[in-house]
Amino acid sequence: MTSRPTQESTLLEGETSRAMNSLSERVFHRKTKSPEEIQIKTGLSNFIITQLALLAALWAGCFPLRKAFAAPEPDRQVPFKVSSVRLAGFLQPRIIANARSRLLAMDEGALLAGFEHRPGTQAWIGEHVGKWLHAASITWAYTGDPSLRAKMDRVVNRLLRTQKPDGYLGTYLDKDRWTSWDVWVHKYVLLGLLSYYERTGEPRALDAARKIGDLLTNTFGPGKRDIIASGEHVGMAATSVLEPIVLLYRATGDSRYLEFANYIVSSWDQPNGPKIIQSLLSTHSVAQTANAKAYELMSNLVGLCELVRTTGNRSLLKPVLIAWDDIVRRRMYITGGTSLNEYFQKDYYLPNEGNVSETCATVTWLQLNLQLLYLTGEPIFADVAEKIIYNHLLAAQHPYSATFCYFTPLSGYKRYTSEMNCCVSSGPRGIALIPTFAYTLTSKSICVNLYNTGIASLPLSPKVTVVIHQRTLYPLDGGVELNIDPSHPVRFALSLRIPSWCPKAVASVNKGKPIAGKPGTYLSIYRQWRQGDRVTLRMEMPAVLIKGTHTNQGLFAIRRGPLVLCADEALNPKLRPITMAGLNANAASELKPARRTGTGAIRERVFAAPGFMLERQNGGAVKPIPRTVFLIPFAEAGATGGRYSVWLRAPS
Ligand SMILES: [Zn+2]
């Protein structure tokens with residue numbers, strides 16, 4: 001893996017290439033102790049033994065899908081049940097809007113029309129019900145809203161009534177089966193049904209998924225139909241059914257599904273196949289793999305992660321990590337999104353306008369990072385997940401409603417819509433996933449991955465539950481207070497994620513001596529925790545000036561903590577058009593919170609920085625005129641329909 005710097009390398013600010021190189025060493029060879037392991041001293045071995053047993057129990061308990069077949073090598077971080085977590089603060093309005101205004105308001109007839117009146121009016125219209133059911137199931141597990149559950153039950157009942165006797169549950173006529181996007185549609189129906197089954201335990205959903213699985217295994221394989229020839233994008237649309245097939249195997253323990261998963265992976269290497277593993281191992285480039293279609297390629301990698309989890313074959317992680325490294329280094333925007341016109345582009349080609357980061361790709365990229373976080377336990381994947389969530393994902397969702405963008409450019413306009421398209425169905429899945437990785441359990445610790453005001457009730461054993469109250473203004477401020485209240489005194493390590501962007505972090509327990517954290521690692525505090533213990537974490541959150549390179553040569557952007565800031569014309573009447581506005585070299589160091597925008601309106605989360613506007617003087621030369629630039633989080637820019645830009649001109 002090369003370490004050539006990229007214009008979007010700010011993820012790794014404060015992070016060294018050494019850390020990147022040691023990442024793969026740690027993932028594949030766990031003999032070397034990680035820093036946090038070294039920090040944890042005596043008394044740990046007994047704790048580890050107890051925790052490994054608890055972890056196995058939790059691993060099975062959290063995921064009914066994982067019950068039937070225990071994987072030989074469980075995740076290194078296991079998320080707690082989403083119902084254990086309540087997020088308030090910055091993220092709450094987004095999650096609530098998603099739950100109530102999108103998922104609960106969804107037109108059931110529109111979701112099911114393609115199934116109830118075959119053929120569907122569009123090739124992949126059948127994906128929407130699966131995506132909706134996936135997002136709704138996680139969200140219902142989080143909120144417990146009975147009206148959402150009732151809606152899920154109604155949708156599943158209607159959907160199952162349309163399943164054909166042989167198991168077919170798509171939107172095509174018999175004569176057109178397995179053409180175009182038919183396998184893809186079954187992938188999402190499977191994911192939706194299995195997600196619903198996982199949270200509700202409703203056996204009819206699993207039975208229906210089995211019937212689909214049986215139909216697929218009977219239809220595709222050596223001597224049968226070719227799955228590669230049955231899907232778009234060099235077959236990748238069809239082979240992304242790998243993810244739910246592996247989940248189906250875990251839910252049932254039926255080895256035919258695992259055999260089918262292995263057939264899917266082997267089909268990649270057919271002469272007409274996408275050669276995903278071969279290509280990533282040899283080219284180290286997602287842009288040179290298959291046809292570089294971002295959403296489909298990453299969907300296959302998510303499936304490969306599920307296969308690693310299930311078989312313990314960690315060698316399959318290698319191509320996934322190569323893809324991850326390539327995306328982070330060469331194809332990720334500073335806002336966490338990736339792809340242009342739905343494809344991975346040539347190295348470092350990241351234009352800010354146009355069809356930037358299809359929301360389907362943003363969400364799948366988030367899923368891939370969460371998969372890698374759980375499989376490896378490495379905090380770098382939580383760092384990237386944080387970057388995606390607080391920037392590109394929230395930017396794709398309207399801040400005050402439940403509409404989503406298909407593409408979300410860094411400069412230009414956001415085109416929010418409530419219509420039913422692939423991205424508007426993907427966005428809610430991304431929002432639903434946010435609470436899922438907030439807290440995780442390892443063999444030795446509770447990890448705090450997400451900072452946001454809220455409360456979590458985390459079972460460590462049948463007898464001990466640890467309640468964590470988190471209070472913070474994060475992502476606007478790096479101060480976090482955590483009240484740790486175990487039901488009984490208990491020893492464990494509390495592992496606080498110190499983001500790789502954070503230059504300095506210090507924690508203390510009960511106002512005791514300060515403990516320094518290191519960027520890009522977990523700061524672990526091992527002790528016996530008792531009711532009333534209080535942890536204070538202070539993370540420095542300086543604004544950072546990002547100097548553009550490659551396609552952003554001559555431009556500046558500002559990031560403050562995890563938030564990338566943005567200038568919205570609606571708040572800057574003196575900076576129109578925004579394409580002529582610039583930031584001074586001291587814009588980050590002089591960045592100040594502002595109570596009012598450039599229009600004089602009072603608004604939260606506004607910052608002011610020194611900048612300039614290029615203006616033509618009396619028909620003569622263009623000169624920079626000093627101006628204050630008002631900036632807001634990219635996640636909130638463009639919400640009134642106006643033009644905005646993350647990147648602004650640098651002084652010439
Ligand atoms: Zn899409």
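Let's start in a loop: His550 lies between β16 (543-547) and β17 (555-560). This is a predicted model, and in it the phi of His550 is near 50°, a positive value in a residue other than glycine. Most residues other than glycine have a negative phi, and most peptide bonds are trans. Is His550 buried, exposed or partly exposed? His550 counts as partly exposed because it has 14 C-beta neighbours inside 10 Å, a count that falls between the limit of 12 or fewer for exposed and 20 or more for buried.

Asn341 also deserves a look for its backbone. Its phi is near 55°, again a positive value in a residue other than glycine. You will find Asn341 in the loop between α16 (317-331) and α17 (359-376). Asn341 is exposed, because 12 other C-beta atoms lie within 10 Å and the exposed class takes in counts of 12 or fewer.

Now step back to the whole protein. It has 19 helices and 24 strands. Buried residues make up 55% of its 652 residues. Taking contacts between residues at least 6 apart in sequence, 69% join residues at least 24 apart.

Next, let's follow some of the helices. Two packed helices are described by the angle between their axes and the distance between the axes. Take helix α7 (residues 127-143) and helix α9 (residues 182-200): their axes come within 7 Å and cross at roughly 20°. That angle makes α7 roughly parallel to α9, since angles under 35 degrees count as roughly parallel. The crossing of α7 past α9 is left-handed. On the α7 side, the residues making the contact include Val129, Leu133, Ile138 and Trp140, while those of α9 include Trp184, Tyr188, Leu191 and Tyr196. Charged residues take part too, among them Glu127 and Lys131 of α7 and Arg199 of α9. By class, the contact of α7 with α9 has 12 nonpolar, five polar and three charged residues.

Helix α12 (residues 242-252) and helix α13 (residues 255-267) give you another pair to examine. Their axes are 8 Å apart, and the helices pack at an angle of about 160°. The two helices are therefore roughly antiparallel to each other, as angles over 145 degrees are classed that way. Their crossing is left-handed. From α12, the contact draws on Leu242, Ile245, Val246, Leu248, Tyr249 and Thr252; from α13, on Tyr257, Leu258, Phe260, Ala261, Ile264 and Val265. The residues of this contact divide into 11 nonpolar, one polar and no charged.

Continue past α13 and you reach Pro271, in the loop between α13 and α14 (276-283). Pro271 is exposed, because just 6 other C-beta atoms lie within 10 Å. Pro271 and Ile228 are 43 residues apart in sequence, and their C-alpha atoms are 9.8 Å apart in space.

Helix α5 (residues 92-103) comes next. Its 12 residues reach 15 Å from the first C-alpha to the last, close to the 16 Å expected at 1.5 Å a residue. Which residues of α5 are buried? They are Arg94, Ala97, Asn98, Ala99, Arg102 and Leu103. What covers these buried residues includes α7, α8 (146-161), α18 (379-396) and α19 (422-433).

Two prolines follow cis peptide bonds. One such bond joins Arg118 and Pro119, with omega about 0°, and Pro119 is found in the loop between α6 (108-116) and α7. Another runs from Tyr474 to Pro475, where omega is near 10°. Pro475 is in the loop between β9 (465-472) and β10 (479-486).

Our last stop is Arg538, in strand β15 (residues 533-539). Arg538 is partly exposed, because 18 other C-beta atoms lie within 10 Å, short of the 20 needed to count as buried. Where does this arginine make its contacts? Leaving aside neighbours within four places in sequence, Arg538 is in contact with Gly478, Gly479, Ala505 and Val506. The C-alpha atoms of Arg538 and Asp477 are separated by 9.1 Å, although the two residues are 61 apart along the chain.

Notes:
Residues numbered from 1 in each chain as written. Predicted model: local features only at pLDDT ≥ 70, side-chain atom pairs only at ≥ 80, totals over all residues. Axes fitted to C-alpha atoms, helices over the stretch in contact; angles between N-to-C directions. Helix = DSSP H or I, 4+ residues; strand = E, 2+ residues; numbered from the N terminus. Parallel < 35°, antiparallel > 145°, perpendicular 65-115°, else oblique. Left-handed = near helix turned anticlockwise from the far one by under 90°. Contact = placed C-beta atoms within 7 Å. Nonpolar A, V, L, I, M, F, W, Y, C, P; charged D, E, K, R; others polar. Expected span 1.5 Å × (residues − 1).
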